[in-house]
Amino acid sequence: MFKVKLTDMIERMELKNLLDIDVSDIEITDAAVNRIALQLTGFFEYFQENRIQVIGNAEYAYLKGKSDEEMIPIYEKLFSYNIPCLVVCQGNIPCDRMINVAEEKGIPILTTNRNTSEFIAITVRWLSERLAPRVSIHGVLVDVHGEGVLIMGESGIGKSEAALELIHRGHRLVSDDVVEIRKVSDDKLVGTSPDITRHFIELRGIGIVDVKSLFGVKSVMEFSTIDMVIRLEDWNREANYDRLGLEEEYIEFLGNKVVCYSIPVRPGRNLAVIVESAASNFRAKKMGYNAAQELYNRVTGNLGKKKD
């Protein structure tokens with residue numbers, strides 16, 4: 001199970017901790033956020049205690065109209081659960097009684113000036129990415145014409161060299177050698193680089209190259225979606241390579257399927273141009289134009305005319 005430290009969320013969301021409570025050991029395990037409403041009336045069945053709890057303007061107005069005698073048992077019940085924290089939005093400050101009970105139970109109360117909907121949307125999106133299932137694979141990830149292209153293949157086959165030529169042609173590097181893949185949804189994979197190797201490329205015979213320093217900030221990206229895979233493999237005369245591309249092949253990461261093209265490598269082939277062309281062709285297919293299908297339609301149409 002992946003976890004996010006509450007201290008990281010406080011820093012990222014610019015939250016203020018109202019209590020003198022050490023939050024360094026508190027971890028978040030659920031990307032969803034719970035806006036407490038029924039709980040303030042005393043209904044705690046189906047309460048998702050592992051989620052971040054949020055109070056907005058409506059809940060705050062409701063609490064202002066209640067007496068301490070009515071709400072103390074509710075506060076006692078709420079903070080008896082092991083919730084990660086309670087966030088009060090729109091700059092509102094909870095009453096002293098709530099603060100005192102939370103402090104007794106060791107539950108942090110945080111505040112933000114953001115409105116409730118904005119805070120929930122930003123937090124859920126950020127947590128979903130941080131808590132997403134992930135896997136590390138050997139490969140190179142580059143952004144080519146806006147498409148995230150993952151180049152795979154055996155060590156030494158030319159992945160980094162192809163990436164360097166792509167960078168020279170104006171495309172952007174995300175990661176070399178190791179790509180960390182996160183599943184952010186059922187149809188979206190995001191790749192990034194380990195912090196220690198970010199913006200570096202290893203070239204055999206030369207060594208480590210700092211892409212950001214040599215080619216500028218426009219030559220690198222922090223992360224990219226993984227839209228297609230190029231698998232480089234040694235040329236095999238006996239192999240039957242796809243020459244039309246009418247049927248797509250796929251590779252699977254974390255349960256998500258990604259279009260995969262197998263490219264044979266041999267002396268004289270410009271891998272960067274091939275990868276660039278594959279990305280452009282893939283983009284055209286997404287926009288509704290399939291060159292292979294167009295050629296097939298022309299051939300079958302021409303045969304039909306000859307028969308007539």
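Asp 143 in strand S9 has Arg 172 as its bridge partner in S11. This is a predicted model, so take what follows as a tour of a prediction. Strand S9 (residues 140-144) is a good place to start, since five of its five residues are buried and the rest of the structure largely encloses it. After that come an open sheet of four strands, a cluster of aromatic rings and a nonpolar surface patch.

**Strand S9 and its partners**

- S9 pairs with strand S11 (residues 172-175) in the antiparallel sense, over three bridges.
- S9 also pairs with strand S10 (residues 147-152), again antiparallel, and here there are five bridges.
- Within that second pairing, Leu 141 sits opposite Leu 150 in S10.
- S9 and S10 make a hairpin with two residues between the strands, and His 145 there takes a positive phi near 55°.
- Which residues cover the two faces of S9? Val 140, Val 142 and Val 144 are on one side, Leu 141 and Asp 143 are on the other, and all are buried.
- So Asp 143, the residue bridged to Arg 172, counts as buried, which here means under 20% relative accessible area.

**The four-strand open sheet**

- What is the strand order in the open sheet? Reading across, it goes S8-S12-S13-S16, with antiparallel pairing.
- Strand S8 (134-138) and strand S16 (223-225) are the edge strands; each has a single partner, so one side of each has no neighbour in the sheet.
- From one strand to the next, the twist averages 30°.
- Strand S13 (residues 188-192) and S16 run antiparallel and are joined by three bridges.
- Val 190 faces Thr 225 of S16 across that pairing.
- As general background, the strands of a sheet pair through backbone hydrogen bonds, in a parallel or antiparallel way.

**The S14-S15 hairpin and the loop before it**

- Strand S14 (residues 200-203) and strand S15 (residues 207-210) run antiparallel, with four bridges joining them.
- Phe 200 is opposite Asp 210 in S15.
- Three residues separate S14 and S15 in their hairpin, and Gly 205 in the turn has a positive phi of about 95°.
- His 199 belongs to the loop between S13 and S14.
- Phi of His 199 is positive too, near 75°, and this residue isn't a glycine.
- Most residues other than glycine have a negative phi, so a positive one is worth a look.
- Is His 199 buried or exposed? His 199 is buried, at 11% relative accessible area.

**Aromatic rings**

- The count of aromatic pairs comes to three.
- Phe 44 and Phe 47 make an edge-to-face pair, 5.6 Å centre to centre and with 90° between the planes.
- Phe 44 also pairs with Tyr 81, this time stacked: 5.6 Å centre to centre, with 15° between the planes.
- Why does the stacked pair tie together separate parts of the chain? Phe 44 is in the loop between S4 and S5, while Tyr 81 is in the loop between helix H3 (68-78) and strand S6 (86-88), so the pair links parts that are 37 residues apart in sequence.
- Ring pairs connect Phe 44, Phe 47 and Tyr 81 into a cluster.
- Phe 44 and Tyr 81 are both buried, with Phe 44 at 11% relative accessible area.
- Phe 47 counts as buried as well, at 10% relative accessibility.

**The nonpolar surface patch**

- Leu 38, Phe 43 and Tyr 46 form a nonpolar patch on the surface, with about 380 Å² of accessible area together.
- Leu 38 is in the loop between strand S4 (33-35) and strand S5 (52-55), and is exposed at 52% relative accessible area.
- Tyr 46 lies in the loop between S4 and S5 and counts as exposed, at 72% relative accessibility.
- Tyr 46 has a positive phi of about 65°, though it is not a glycine.

**Asp 96 in helix H4**

- Asp 96 has its place in helix H4 (residues 96-105) and counts as exposed, at 60% relative accessibility.
- How far is Asp 96 from Leu 40, C-alpha to C-alpha? The two C-alpha atoms are separated by 16 Å, and the residues are 56 apart along the chain.

Terms used. Residues numbered from 1 in each chain as written. Predicted model: local features only at pLDDT ≥ 70, side-chain atom pairs only at ≥ 80, totals over all residues. Heavy atoms only, no water. Pairing = 2+ DSSP bridges. Axes fitted to C-alpha atoms, helices over the stretch in contact; angles between N-to-C directions. Patch = residues over 30% accessible without salt bridge, like charges linked within 9 Å, V, L, I, M, F, W, Y side chains within 5 Å. Areas by Shrake-Rupley, 256 points an atom, 1.4 Å probe, with all protein chains shown as cover. Salt bridge = Lys/Arg side-chain N within 4 Å of Asp/Glu carboxyl O. Buried < 20%, exposed > 50% of the residue type's maximum accessible area, 1.4 Å probe, protein only. Phe/Tyr/Trp six-rings, centres within 6.5 Å; stacked < 30°, edge-to-face > 60°.
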